[in-house]
Amino acid sequence: MLAAITVFAAFLVPLFPLSWVFNRLLDSLPMTTARALAVLALPQLGLLLLQYGVAPWALTDPQRRALVALAIFTALFYAFRALSARDLFIWTRLNLSAGLAVIWIAWAMGTAIPVLQILALTWSVPAALLTLLSGALAARLGGSYLGLMGNLVEPLPRLTASIVLTVLALLATPVFPSFFVLFGTAMQLPLSWILPLLLLLPLWGWSCGRLFQDLLFGAYRGEAVEDLSLLSSLMVFLVLSGLLVLGLYGSGGVL
Amino acid sequence: MDFIALGIPLLPLLSALTILAFLRQRKKAAARLSVAALTLAFLLAAFFLGRHLGGSGDVLMQAPGLWGSLWLDPLSLILWTFVSGISLIVHVYSVRYMVEEPGYPRFFAMLDLMTAVILLMVAAGDLITLVVAWFLVGVVLYFLLGHDATRPAAGRYAFWTQITYRVGDLPLWFAALVLIQSYHSVSLPVIFARIGEHPDVLLWGLPVPELCGFLLALAAFARSAQFLLHTWLPYTMDGPTPVSALMHAGIVNAGGFLFNRFAPLFEHAGWALHWAFAVGLVTAVVGSALMLIQNDIKRSLGYSTMGQMGFMVMECGLGAFPLAVFHLIAHGFFKASLFLGSGGVIGEARQRDGVPPDPVYTSVVERRPIKPSRLPWLVAASLTVLVPVIVIGLSHFFVAERLFYEQGVIILLFFGWVTGAQALFAAHKLSQKDPWRLMSGILVSFVIIVVGYTLISHYFGDFLYPDRSESLRLYEVASIQHLSFDLLALLLALIFVGGWMLTFFRESLDWGRRPGGRWYGLYLGIYALLSRELYVADIYQRASQILLHWSRRFNVWLGWC
């Protein structure tokens, strides 16, 4: 029964191959708001379930090693797949899956569930924001597929700036908390596992570079569109500032 | 009093935040605030450097949390002054240069942010602060290089830079994590003290300092454009000129800084230093060769920087750590002045071709060229080969004779010899009415430069590494077996003399260049290889295309879920 609950949690805190269901579920939701809420809520729900599943200290060493290996594989596989995604929402959920896989490593190393819930938010919150922003982009341009029209900063300066900052927050850029979570998790790992996990860095750097290349550079040839409202961009800025503060002050606890 | 030093990285940071929050529409105010903040930061840095020269010791400013500490030692203070000084020059230059560019206030904000991050990096007192600042340099540089968003090339090359930096972050992270787990601290002074006490801690059968030496060297290679990780550097010219100046004068030198910061670790990492020497040597040769073959002046400058960075890393590999810092500062000023002056030179050349508008002068110069006159070859050989070694040898003998017993110094003298001989040989090849006058002028300049360089680098080394035994330990660990060294020195001497002969007789024997000639195929092959920049960028591009193909294929198989 405990094992079943743990496996069920892996549907919600993505772990390959069950992560496919997580992504399919997010994709099937019809509204942007519902997707954003799901991005926030599903991992929290999964972690709550995990509290009633197998305890991490009950894992045998081979089981723990297998779990860490699977979590690292999930993170790398999804980060690798995000390289070729040009739709902002697909890109977001693939990278979210990569980030949340790191939570499994922290769990296997014995981090308490309430702490894991906060750690999960460091990826869920920027991913939820990006989901909302991809919806805003789709409402203005007819889709959130990037690369057809470059230099979106010209017609949509606030929206583009919001996307850029949120992408940086999602992909473990210092001093956003996801950076410290990744660093702190790597600190807990045996040294032989660290190097594969750190392959996330070049993959995320590449992914981020490709996204920015499509988003920021080139010539905008579309029609004039209305930018994100000042209030909405202020909200995004406030949330990101909150994450920054959490990164600066909460990093001591994570590390 | 020490807390005022916090203002040095904080001032540009505050300036950046103020511009982004309040001055995005006010160009003049943004530029003024930015320049004022940098001026103040530079004055403060100079003050703290002066205070240290006056006898105050090192200071470690501990932050309340686990990270965020600053270490004010000679290395950080001298680099604070250098970085803020170069950045101030770039700021002042940008005030007029960038005035017609879109996003003027944003540019100054990013320039401030970059300066703040570099200042934090060079003074980081713990591993986490170092990793944070190291990472952020790449992020901010991306936005600076891609300032002109209308040019897709700017974005493409900014991306190349960013991805190389990310690859280089990986070994730094790993080294940091290995050090933290092995020595149970994040504080750099504590870790260095523990390495001194226990240098034999093992990981995977390797001593931890040796392993971390390799990793740190790799991180430095990516940041300082060493061979195979160099493709980004020559293409960053698509960024604004002030950014090129700041990058070539400051950011790309981070490799030399990293070697010096971890000098106590490299005292126990001899093999990593040998590796750095080999990579630096290859980079210096490849960078210089590629520089010579470029037909684009800016790319040529980029490859020149690559060659210089190779030389800087090679100096570290030889144990001459303070010389690498002196080199990076000297190269920084030299390259910044070249970049910042390039616009003026191009403008001047467009307006004036340098020929006086005098028909008599023109007819005389064009119709009656000066008759070539050169020194006899034996005299030329004696002057260009023997004089440099005598000048360099004597200047080092009088400044610090003990250095002659260090292998690293001998090897560096070889390179000084080659450089001096090359300069004199180039002067000899010039056709002049009075070759003796030209040669004596060049010789006097050479003596002044060598003596000045030797004296400055010696005193600079004493300031940076006041504990002379530390400097000597670095030379010692970078040394190899005596027999191998003697063989290497002999080989170098033979290569040098052979190279000299080849250069001297190449023109008269007309090797290689004539179609159908014996060496023509080889000449063309080497030319093609170099003109395609050794196909390194092409190989990376093909590899990335294959990876992206597989990424897409997996996504299609899994329905993008």
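**Entry 1. Histidine in α18(B)**

I began with B:His458 and found this residue in helix α18 of chain B, which spans residues 435–464. The model is a predicted one, and I read every value below as computed from it. I then asked whether B:His458 is buried or exposed. Its relative accessibility is 15%, so I entered B:His458 as buried, the limit being under 20%. I also looked up a second histidine, B:His396, which is 62 residues from B:His458 in sequence. Their C-alpha atoms are 9.2 Å apart in space.

**Entry 2. Two threonines in chain B**

I went to B:Thr129 next and placed this residue in helix α5 of chain B, residues 127–145. Its relative accessible area is 1%, so B:Thr129 goes down as buried. Which backbone atom does the side chain of B:Thr129 reach? I found the backbone nitrogen of B:Gly68, at 2.7 Å. I then listed what B:Thr129 contacts, setting aside neighbours within four places in sequence: B:Trp67, B:Gly68, B:Ser69, B:Leu120 and B:Ala124. B:Gly68 therefore appears both in the contact list and as the partner of the side chain, with contact taken as heavy atoms within 4.5 Å.

The second threonine I checked was B:Thr161, in helix α6 of chain B, residues 152–183. B:Thr161 is buried as well, with a relative accessible area of 2%. A polar atom of its side chain lies 2.9 Å from the backbone oxygen of B:Tyr157. Not counting residues up to four places away in sequence, I noted that B:Thr161 touches B:Leu141, B:Leu145, B:Trp232 and B:Thr236.

**Entry 3. Positive phi in chain B**

I looked for residues other than glycine with a positive phi and wrote down B:Trp204, at about 50°. B:Trp204 sits in the loop between β3 (202–203) and β4 (206–207) of chain B. Because its relative accessibility is 52%, B:Trp204 counts as exposed, the limit being over 50%.

I also wrote down B:Leu228, which is not a glycine and has a positive phi of about 80°. I found B:Leu228 in the loop between α8 (208–223) and α9 (241–249) of chain B. Is B:Leu228 buried, partly exposed or exposed? With 44% relative accessibility, B:Leu228 counts as partly exposed.

**Entry 4. Cis peptide bonds in chain A**

I turned to chain A and checked omega. The bond from A:Phe16 to A:Pro17 is cis, its omega being near 0°. A:Pro17 belongs to the loop between α1 (2–12) and α2 of chain A.

I noted another cis peptide bond between A:Pro174 and A:Val175, where omega is about 0°. Here the proline comes before the bond and the valine after it. A:Val175 is in the loop between α7 and α8 of chain A.

**Entry 5. Chain B as a whole**

I counted secondary structure in chain B and got 22 helices and four strands. Its radius of gyration is 25 Å, close to the 24 Å that the globule rule gives for 561 residues, so I recorded chain B as being as compact as a globular protein of that length. Along the principal axes, the C-alpha atoms of chain B fill a box of roughly 75 × 65 × 60 Å. Of the 561 residues in chain B, 53% are buried. I also looked at how far apart in sequence the contacts reach. Of the contacts in chain B with a separation of 6 or more, 77% are between residues 24 or more positions apart.

**Entry 6. Where chain A meets chain B**

I finished with the interface. I found 48 residues of chain A in contact with 46 residues of chain B. How much area do chain A and chain B bury between them? The figure I have is about 4,300 Å², with 78% of it on carbon and sulfur atoms. I looked for salt bridges between chain A and chain B and the count is zero. Polar contact does occur between the two chains, in 14 residue pairs with both residues at pLDDT 80 or more.

On the chain A side, I listed the elements that give two or more residues: α2 (19–28), α4 (61–82), α5 (88–108), α7 (157–170), α8 (177–188), α9 (191–198), α10 (200–216) and α11 (230–254). The largest share, ten residues, comes from α10(A). I then sorted the side of chain A that touches chain B by class and got 34 nonpolar, ten polar and four charged residues.

Definitions and conventions: Residues numbered from 1 in each chain as written. Chains lettered and ligands numbered in written order. Predicted model: local features only at pLDDT ≥ 70, side-chain atom pairs only at ≥ 80, totals over all residues. Heavy atoms only, no water. Buried area = accessible area lost by both parts, 1.4 Å probe. Salt bridge = Lys/Arg side-chain N within 4 Å of Asp/Glu carboxyl O. Polar contact = N/O pair within 3.5 Å; in protein donor to acceptor, adjacent residues only side chain to side chain. Nonpolar A, V, L, I, M, F, W, Y, C, P; charged D, E, K, R; others polar. Buried < 20%, exposed > 50% of the residue type's maximum accessible area, 1.4 Å probe, protein only. Rg over C-alpha atoms; globule rule 2.2 N^0.38 Å.
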